[in-house]
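Me: I would like a close look at a single part of this protein, taken slowly enough for a first-year student to follow on the screen. Here is what I have open.

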Amino acid sequence: DMRMRVLGIETSCDETGVAVYDTDIGGPAGLRAHAVYSQIALHAEYGGVVPELASRDHVRKLLPLIRQTLAEAGLGVGDIDAVAYTAGPGLVGALLVGAAVGRALAWALEVPAIGVHHMEGHLLAPLLADDPPAPPFVALLVSGGHTQLVQVDGIGRYRLLGETLDDAAGEAFDKTAKLMGLPYPGGPQLAALAAHGVPGRFRFARPMTDRPGLDFSFSGLKTQVLLAWRDSDQSEQTRADLARGFEDAVVETLAIKCARALEQVGGKTLVVAGGVGANQRLRAALTALCQARGGRACFPPPALCTDNGAMIAFAGALRLAAGQCEEPAITVWPRWDM
Ligand code: KG4
Ligand code: ZN
């Protein structure tokens, strides 16, 4: 078996992420170092990610972050055996920064490089655990851009069971937070507010749970919250109560569909990944659901739920170990089916 220290680079949206994964060590300890530089402050005044600003900031931050990560890992650039970078889906200008730097570095070092699917990175992040789940399992991918249920039969063997027809779960969190006046990115703030909310004061629909199937639709929820917010006294407590009602609706909807997916494939293991996987109430609900079914729910640590370089280094290492790498052309895929 060939030892590989894989440099992972993530630049698909508004976080610059870099990591080194060492296949010789393996497991969670194989993650020799990882660092994320978040552009949140840069985009906050615009209320959302500005693609051109994102690309420029990745250009500024990526090389210093690579240098910092290598130093933390106690490695020189010559110790890198392969480079993995996010090749899509994402913002094309942002993707090109990671792809160009990753490819050029690999070419200069004469090591293989591989373009990784961002959602495969999220999907495999929960395997960076001491007691990793083994396929087959069902994965719930919940991020700002995606909401999908995927049957995972092995590395690279994925079958889409269902997905959102409109807004992603994280997008719904962010938009709902924004319409109640919370600053970008609202998801985590809405969740924090919900912790002080009175459960049951507002009850919203559990979209598409009243019919069979594993697809989602979250865009109607924000409108329900908007109407309730407009008609309310708009006090701090009301905002928290609305946040609680919204969060409960999203969490319960996701839980119902996860139970249905496990039922459908006869599975007991649920793997949850993506930014919304950091949500504490979702984690509790899915853990309880799996326990009740005699199975288990696996989550990455919260820092590996949101965008990071570790998941890209890890997914790249698994793909390279399976013998995959690519010709040194720079191609990114702003839209890309896994
Ligand atoms: O995976 P991610 O970092 O980026 C994408 O690939 O989209 O996910 C970011 C999304 C955002 O929509 C953010 O609001 C949401 O994840 N998010 C949360 C929480 N933490 C992050 N949503 C609800 N509760 C949280 N604690
Ligand atoms: Zn992501």
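Which residues does V101 touch, not counting residues up to four places away in sequence? Please start there and then follow the connected helices and loops as far as they lead.

Reply: Please keep in mind throughout that this is a predicted model. Leaving aside residues up to four places away in sequence, V101 touches L62, L63 and I66.

To place that residue, look for helix α3, which covers residues 92-109 and contains V101. The relative accessibility of V101 is 22%, and because the buried class ends under 20% and the exposed class begins over 50%, V101 counts as partly exposed. There is also a long step in sequence to notice here, since V101 and I330 are 229 residues apart along the chain, yet their C-alpha atoms are 9.8 Å apart in space.

The three contacts of V101 belong to a wider meeting of two helices. On one side S55, H58, V59, L62, L63 and I66 of α2 take part, and on the other side G93, A94, V97, G98, V101 and L105 of α3. Two packed helices are described by the angle between their axes and the distance between the axes. For helix α2, which spans residues 51-73, and α3, the angle is about 30° and the axes are 8 Å apart. The crossing of α2 past α3 is right-handed.

Now follow the chain on either side of α3. In the loop between β4 (82-88) and α3 you will find P89, and the peptide bond that leads from G88 to P89 is cis, with omega near -10°. In the loop between α3 and β5 (113-117) sits E110, which is not a glycine and nevertheless has a positive phi of about 55°. E110 counts as exposed because its relative accessibility is 73%. Both details deserve a pause, for most residues other than glycine have a negative phi, and most peptide bonds are trans.

A little further along is the zinc ion (ligand 2), whose protein donors are H118 through NE2, H122 through NE2 and D307 through OD, at 2.0 to 2.1 Å from the ion. Along the sequence these donor residues follow the spacing H-x3-H-x184-D. Distant parts of the chain are linked in this way, as H118 belongs to helix α4 (residues 118-124) while D307 belongs to the loop between β10 (296-298) and α10 (310-321), 189 residues away. Both H118 and D307 are buried. The arrangement around the zinc ion (ligand 2) is irregular because its four donor atoms subtend angles of 94 to 141°.

For a contrast with V101, turn to V150 in strand β7, which runs over residues 147-154. V150 counts as buried because its relative accessibility is 2%. Apart from residues up to four places away in sequence, its contacts are F137, V138, A139, L141, Y158, R159, L160, L161 and M338. V150 and L140 are 10 residues apart in sequence, and their C-alpha atoms are 6.5 Å apart.

Further on, the helices offer two more packings to set beside that of α2 and α3. Helix α5 (residues 169-179) packs with helix α7 (residues 219-230) at an angle of about 15°, and their axes are 10 Å apart, so the two are roughly parallel to each other. Their crossing is right-handed, and the residues that meet are K175, T176 and L179 from α5 with K222, V225, L226 and W229 from α7.

The second packing joins α7 to helix α8 (residues 236-265), at an angle of about 160° and with the axes 11 Å apart. These two helices are therefore roughly antiparallel to each other, and α7 passes α8 in a right-handed crossing. Here L221, V225, A228 and W229 of α7 meet R239, L242, F246, A249 and V250 of α8.

Two loops complete the walk. P185 lies in the loop between α5 and α6 (186-194), and the peptide bond from Y184 to P185 is cis, with omega near -10°. M208 lies in the loop between α6 and α7 and has a positive phi near 65°, although M208 is a residue other than glycine. At 15% relative accessibility M208 counts as buried, whereas E110, the residue with a positive phi after α3, counts as exposed.

Key
Residues are numbered from 1 along each chain as its sequence is written. Chains are lettered from A and ligands numbered from 1 in the order in which they are written. This is a predicted model: local features need pLDDT of at least 70, side-chain atom pairs count only at pLDDT 80 or more; totals for chains, interfaces and linings use all residues. Side-chain values use heavy atoms; hydrogens and water are left out. Donors are N, O and S atoms within 2.8 Å of the metal (3.2 Å for Na, K and Ca); water is not among the atoms, so sites may look incomplete. Four donors count as tetrahedral if all angles lie between 85 and 135 degrees; four count as square planar and six as octahedral if opposite donors are over 155 degrees apart and all others between 65 and 115; anything else is irregular. Helices (H or I, at least four residues) and strands (E, at least two) are DSSP runs, numbered from the N terminus. Buried means under 20% relative accessible area, exposed over 50%, partly exposed in between (1.4 Å probe, protein chains only). Contact means heavy atoms within 4.5 Å. Axes are lines fitted to C-alpha atoms, for helices over the stretch in contact, and angles run from 0 to 180 degrees between N-to-C directions. Angles under 35 degrees count as roughly parallel, over 145 as roughly antiparallel, 65 to 115 as roughly perpendicular and the rest as oblique. A crossing is left-handed if the near helix is turned anticlockwise from the far one by less than a right angle, and right-handed if clockwise.
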